[in-house]
Amino acid sequence: MFGSIDPPCNSHNHKYNVHMKELEFEWDKRKERANVKKHGVSFEEARTAFYDEGAIQFYDPDHSDQEDRFVLLGLSLKPQVLVVCHCFRESETVVRIISARKADKDEERAYWERRK
């Protein structure tokens, strides 16, 4: 049985819609294979860290000579804290993953400290 609940007269009801653009990802398949061999992290797993609401993103000036590069510190769906180097294509909704690895102890601690 379904019914409706009438809110009390003094309550404030607000309806709103949130529209978020969906992220798209791209990467070089050869680079991903090398990354898995070296770091044990696939770019498929790395992309899941971008959906972590507590992720921390930094600008990477040391590697931004030819394009603006960023580092994301985020929790993947495995779950493990990852460091994902990336840049944006066309717009901020297309992410090109450059490399990904498990966070070291200091990076992981910084991630969890920030989430408190």
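**Exercise 1. Pairing of S4 and S5**

State in which sense S4 and S5 pair and over how many bridges.

*Solution.* In this predicted model, strands S4 and S5 are antiparallel partners, joined over 8 bridges. Two of the residue pairs can be located directly. Cysteine 87 has arginine 96 of S5 as its bridge partner, and phenylalanine 88 is matched with valine 95 in S5. The two strands make a hairpin with 4 residues between them, and in its turn glutamate 90 has a positive phi of about 50 degrees.

**Exercise 2. From hairpins to the sheet**

Find the strand to which 7 bridges join S3, then give the strand order of the sheet.

*Solution.* Step one: S3 is joined to S4 by 7 bridges, and these strands run antiparallel. Arginine 69 finds its bridge partner in S4, namely cysteine 87. Cysteine 87 is thus listed with arginine 69 as well as with arginine 96. S3 and S4 also form a hairpin, with 5 residues between them.

Step two: the open sheet has 5 strands in the order S1-S5-S4-S3-S2, and its pairing is mixed. Its edge strands, each pairing on one side only, are S1 (24-26) and S2 (56-59). From one strand to the next the twist averages 35 degrees.

Step three: place the helix. Helix H3 (residues 105-115) lies across S2, S3 (69-75), S4 and S5, and runs at about 70 degrees to S3.

**Exercise 3. The nonpolar cores**

Identify which elements each supply at least two residues of the largest nonpolar core.

*Solution.* This core has 13 residues, and those with the most contacts inside it are Phe25, Ala46, Phe50, Val84, Ile97 and Ala100. Helix H2 (43-48), strand S4 (81-89) and strand S5 (94-102) each supply at least two of its residues. The largest share, 3 residues, comes from S5. A second core, separate from this one, has 7 residues, including Ile56, Val71, Ala103 and Tyr111.

For Phe50, the contacts beyond four places in sequence are Leu23, Phe25, Leu72, Val84, His86, Val95 and Ile97. Ring pairs also link Phe25, Phe50 and Tyr51 into a cluster.

**Exercise 4. Phenylalanine 43**

Decide whether phenylalanine 43 counts as buried or exposed, and describe its surroundings.

*Solution.* Phenylalanine 43 belongs to helix H2. Its relative accessibility is 0%, so phenylalanine 43 counts as buried, the cut-off being under 20%. Leaving out residues up to four places away in sequence, phenylalanine 43 touches Trp27, Asp28, Lys31, Glu32, Asn35, Ile97, Ile98, Ser99 and Ala100. The C-alpha atoms of phenylalanine 43 and phenylalanine 25 are separated by 9.3 Å, with the residues 18 apart along the chain.

**Exercise 5. An aromatic pair**

Classify the aromatic pair of tyrosine 59 and phenylalanine 70 and state which parts of the chain the pair ties together.

*Solution.* First, the geometry. A pair of aromatic rings is described by the distance of the centres and the angle of the planes. For tyrosine 59 and phenylalanine 70 these are 5.6 Å and 70 degrees. Planes over 60 degrees apart count as edge-to-face, so the pair is edge-to-face. The count of aromatic pairs comes to 6.

Next, the location. Tyrosine 59 lies in strand S2 and phenylalanine 70 in strand S3, so the pair ties together parts that are 11 residues apart in sequence.

Last, the accessibility. Tyrosine 59 is partly exposed, at 45% relative accessible area, whereas phenylalanine 70 is buried, at 17%.

Key
Residues are numbered from 1 along each chain as its sequence is written. This is a predicted model: local features need pLDDT of at least 70, side-chain atom pairs count only at pLDDT 80 or more; totals for chains, interfaces and linings use all residues. Side-chain values use heavy atoms; hydrogens and water are left out. A nonpolar core is a set of buried Ala, Val, Leu, Ile, Met, Phe, Trp, Tyr and Cys residues joined through side-chain atoms within 4.5 Å. Buried means under 20% relative accessible area, exposed over 50%, partly exposed in between (1.4 Å probe, protein chains only). Contact means heavy atoms within 4.5 Å. Two strands pair if DSSP finds at least two bridges between them. Axes are lines fitted to C-alpha atoms, for helices over the stretch in contact, and angles run from 0 to 180 degrees between N-to-C directions. Rings of Phe, Tyr and Trp (its six-membered ring) pair if their centres lie within 6.5 Å; planes under 30 degrees apart count as stacked, over 60 as edge-to-face and the rest as tilted.
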